[in-house]
Amino acid sequence: MNQQDILTELDRVLQARKNDSADDSYVASLYHKGLDKILKKVGEEATETVMAAKDLEHSVSQHHDQASLVGEVADLWFHTLVLLHHQDLSAQDVTQELERRFGLSGHEEKARRQ
(Lines give C-alpha, C1' and ligand atoms only; values in the text may rest on other atoms or scores of the structure.)
Protein backbone atom coordinates (compact mmCIF):
# COMPACT_ATOMS: atom_id res chain seq x y z
CA MET A 1 0.00 0.00 0.00
CA ASN A 2 1.44 3.40 -0.92
CA GLN A 3 1.25 6.48 1.27
CA GLN A 4 -1.75 8.01 -0.52
CA ASP A 5 -3.61 4.70 -0.17
CA ILE A 6 -2.96 4.80 3.58
CA LEU A 7 -4.48 8.27 3.88
CA THR A 8 -7.45 7.23 1.73
CA GLU A 9 -8.01 4.14 3.85
CA LEU A 10 -7.69 6.16 7.08
CA ASP A 11 -10.25 8.62 5.71
CA ARG A 12 -12.61 5.73 4.98
CA VAL A 13 -12.20 4.16 8.42
CA LEU A 14 -12.47 7.46 10.30
CA GLN A 15 -15.65 8.33 8.42
CA ALA A 16 -17.12 4.90 9.15
CA ARG A 17 -16.31 5.21 12.86
CA LYS A 18 -18.77 8.11 13.10
CA ASN A 19 -21.53 5.48 12.98
CA ASP A 20 -19.94 3.11 15.53
CA SER A 21 -20.74 2.80 19.19
CA ALA A 22 -18.49 4.71 21.56
CA ASP A 23 -18.10 1.43 23.47
CA ASP A 24 -16.76 -0.39 20.41
CA SER A 25 -14.29 2.12 18.96
CA TYR A 26 -11.73 4.54 20.38
CA VAL A 27 -12.34 6.95 17.50
CA ALA A 28 -16.12 6.71 17.94
CA SER A 29 -15.62 7.51 21.63
CA LEU A 30 -13.68 10.65 20.67
CA TYR A 31 -16.44 11.72 18.27
CA HIS A 32 -19.02 11.03 20.99
CA LYS A 33 -17.10 13.14 23.55
CA GLY A 34 -17.00 16.04 21.11
CA LEU A 35 -14.70 18.71 19.82
CA ASP A 36 -13.13 19.72 23.13
CA LYS A 37 -11.93 16.15 23.82
CA ILE A 38 -10.56 15.82 20.28
CA LEU A 39 -8.75 19.15 20.59
CA LYS A 40 -7.31 18.08 23.93
CA LYS A 41 -5.92 14.92 22.30
CA VAL A 42 -4.41 16.93 19.44
CA GLY A 43 -2.79 19.25 21.98
CA GLU A 44 -1.44 16.34 24.02
CA GLU A 45 0.00 14.69 20.94
CA ALA A 46 1.55 17.97 19.77
CA THR A 47 3.23 18.38 23.16
CA GLU A 48 4.49 14.78 23.11
CA THR A 49 5.87 15.38 19.60
CA VAL A 50 7.76 18.45 20.78
CA MET A 51 9.16 16.53 23.75
CA ALA A 52 10.25 13.60 21.55
CA ALA A 53 12.01 16.00 19.18
CA LYS A 54 13.84 17.65 22.08
CA ASP A 55 14.80 14.20 23.44
CA LEU A 56 16.19 13.26 20.03
CA GLU A 57 18.27 16.42 19.91
CA HIS A 58 20.03 15.44 23.14
CA SER A 59 20.01 11.68 22.59
CA VAL A 60 22.75 9.11 22.79
CA SER A 61 20.43 6.49 21.32
CA GLN A 62 19.49 8.12 18.00
CA HIS A 63 17.69 5.08 16.56
CA HIS A 64 15.38 4.61 19.57
CA ASP A 65 14.60 8.31 19.84
CA GLN A 66 14.00 8.64 16.08
CA ALA A 67 11.44 5.83 16.36
CA SER A 68 9.89 7.63 19.33
CA LEU A 69 9.59 10.88 17.36
CA VAL A 70 8.07 9.09 14.36
CA GLY A 71 5.57 7.38 16.66
CA GLU A 72 4.56 10.65 18.26
CA VAL A 73 4.15 12.36 14.89
CA ALA A 74 2.00 9.42 13.74
CA ASP A 75 -0.18 9.89 16.84
CA LEU A 76 -0.42 13.62 16.12
CA TRP A 77 -1.34 13.07 12.48
CA PHE A 78 -3.91 10.44 13.45
CA HIS A 79 -5.64 12.66 15.99
CA THR A 80 -5.52 15.58 13.57
CA LEU A 81 -7.30 13.39 11.02
CA VAL A 82 -9.93 12.58 13.66
CA LEU A 83 -10.35 16.35 14.14
CA LEU A 84 -10.73 16.91 10.41
CA HIS A 85 -13.37 14.20 10.13
CA HIS A 86 -15.21 15.56 13.14
CA GLN A 87 -15.43 18.83 11.16
CA ASP A 88 -16.55 16.98 7.99
CA LEU A 89 -13.14 17.37 6.32
CA SER A 90 -10.56 14.76 5.33
CA ALA A 91 -6.91 14.12 4.57
CA GLN A 92 -7.77 14.76 0.93
CA ASP A 93 -8.74 18.34 1.80
CA VAL A 94 -5.30 18.87 3.34
CA THR A 95 -3.39 17.20 0.51
CA GLN A 96 -5.28 19.35 -2.00
CA GLU A 97 -4.28 22.46 -0.06
CA LEU A 98 -0.65 21.29 0.06
CA GLU A 99 -0.77 20.62 -3.68
CA ARG A 100 -2.13 24.14 -4.23
CA ARG A 101 0.78 25.57 -2.25
CA PHE A 102 3.44 23.41 -3.92
CA GLY A 103 5.97 25.52 -5.78
CA LEU A 104 5.11 28.72 -3.90
CA SER A 105 7.64 30.17 -1.56
CA GLY A 106 6.51 30.25 2.05
CA HIS A 107 6.65 34.04 2.02
CA GLU A 108 4.50 34.25 -1.11
CA GLU A 109 1.94 31.78 0.25
CA LYS A 110 1.67 33.67 3.54
CA ALA A 111 1.24 37.00 1.71
CA ARG A 112 -1.63 35.53 -0.33
CA ARG A 113 -3.50 34.62 2.88
CA GLN A 114 -3.55 38.23 4.10
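## Accessibility and overall architecture

A residue counts as buried under 20% relative accessible area, as exposed over 50%, and as partly exposed in between. At 42% relative accessibility, Ala 74 therefore counts as partly exposed. This residue, Ala 74, is found in helix α4. The structure described here is a predicted model.

The protein chain contains six helices and zero strands, and its pattern along the sequence reads α-α-α-α-α-α. Taken along the principal axes, the box filled by the C-alpha atoms is roughly 40 × 40 × 30 Å. Of the 114 residues in the protein chain, 26% count as buried.

## Packing of α3 and α4

Two packed helices are described by the angle between their axes and the distance between the axes. Helix α3 spans residues 35–57 and helix α4 spans residues 62–86; their axes come within 8 Å and cross at roughly 160 degrees. Because angles over 145 degrees count as roughly antiparallel, α3 is roughly antiparallel to α4. The crossing in which α3 passes α4 is left-handed. Classified by residue type, the contact of α3 with α4 has 13 nonpolar, seven polar and seven charged residues.

A C-alpha separation can be added for Ala 74 of helix α4. Ala 74 and Glu 45 are 29 residues apart along the chain, and their C-alpha atoms are separated by 9.1 Å. Within helix α3 lies Asp 36, which is exposed, with a relative accessible area of 64%. Asp 36 and Ala 53 are 17 residues apart in sequence, and the C-alpha to C-alpha distance between Asp 36 and Ala 53 is 26 Å.

## Packing of α2 and α4

Helix α4 also packs with helix α2, which covers residues 26–33; the angle is about 50 degrees and the axes are 11 Å apart. The two helices, α2 and α4, are therefore oblique to each other. Their crossing, that of α2 and α4, is right-handed.

## The loop between α3 and α4

His 58 and Ser 61 are both placed in the loop between α3 and α4. His 58 is exposed, with a relative accessible area of 62%. Ser 61, with a relative accessible area of 37%, is partly exposed.

Distances from these two residues to other parts of the chain are as follows. His 58 and Val 73 are 15 residues apart in sequence and 18 Å apart in space, C-alpha to C-alpha. Ser 61 and Arg 100 are 39 residues apart along the chain, with a C-alpha separation of 38 Å.

## Backbone at Asp 88

The loop between α4 and α5 holds Asp 88. Most residues other than glycine have a negative phi. Asp 88 is not a glycine, yet has a positive phi of about 60 degrees. The side of accessibility on which Asp 88 falls is also clear: with a relative accessible area of 63%, Asp 88 is exposed.

## The largest pocket

The largest pocket holds about 240 Å³ of space. Its lining consists of Leu 7, Trp 77, Thr 80, Leu 81, Leu 84, Ala 91, Val 94, Thr 95 and Leu 98. The elements that contribute two or more residues to this lining are α4 and α5, the latter comprising residues 91–101.

By class, seven residues of the lining of the largest pocket are nonpolar, two are polar and none is charged. Thr 80 and Thr 95, which are among the lining residues, belong to the polar class because threonine is not listed as nonpolar or charged. Helix α4 thus appears in several of the settings described here: α4 contacts α3, packs with α2 and gives residues to the lining of the largest pocket.

Conventions: Residues are numbered from 1 along each chain as its sequence is written. This is a predicted model: local features need pLDDT of at least 70, side-chain atom pairs count only at pLDDT 80 or more; totals for chains, interfaces and linings use all residues. Side-chain values use heavy atoms; hydrogens and water are left out. Axes are lines fitted to C-alpha atoms, for helices over the stretch in contact, and angles run from 0 to 180 degrees between N-to-C directions. Helices (H or I, at least four residues) and strands (E, at least two) are DSSP runs, numbered from the N terminus. Angles under 35 degrees count as roughly parallel, over 145 as roughly antiparallel, 65 to 115 as roughly perpendicular and the rest as oblique. A crossing is left-handed if the near helix is turned anticlockwise from the far one by less than a right angle, and right-handed if clockwise. On a 1 Å grid over the protein atoms alone, a cavity is a set of points where a 1.4 Å probe fits but cannot get out, and a pocket is an open set with protein on both sides within 12 Å along at least five of seven lines; lining residues have an atom within 4 Å of a point. Grid points are joined across faces, edges and corners, and a volume is the space filled by probe spheres set on the points. Buried means under 20% relative accessible area, exposed over 50%, partly exposed in between (1.4 Å probe, protein chains only).
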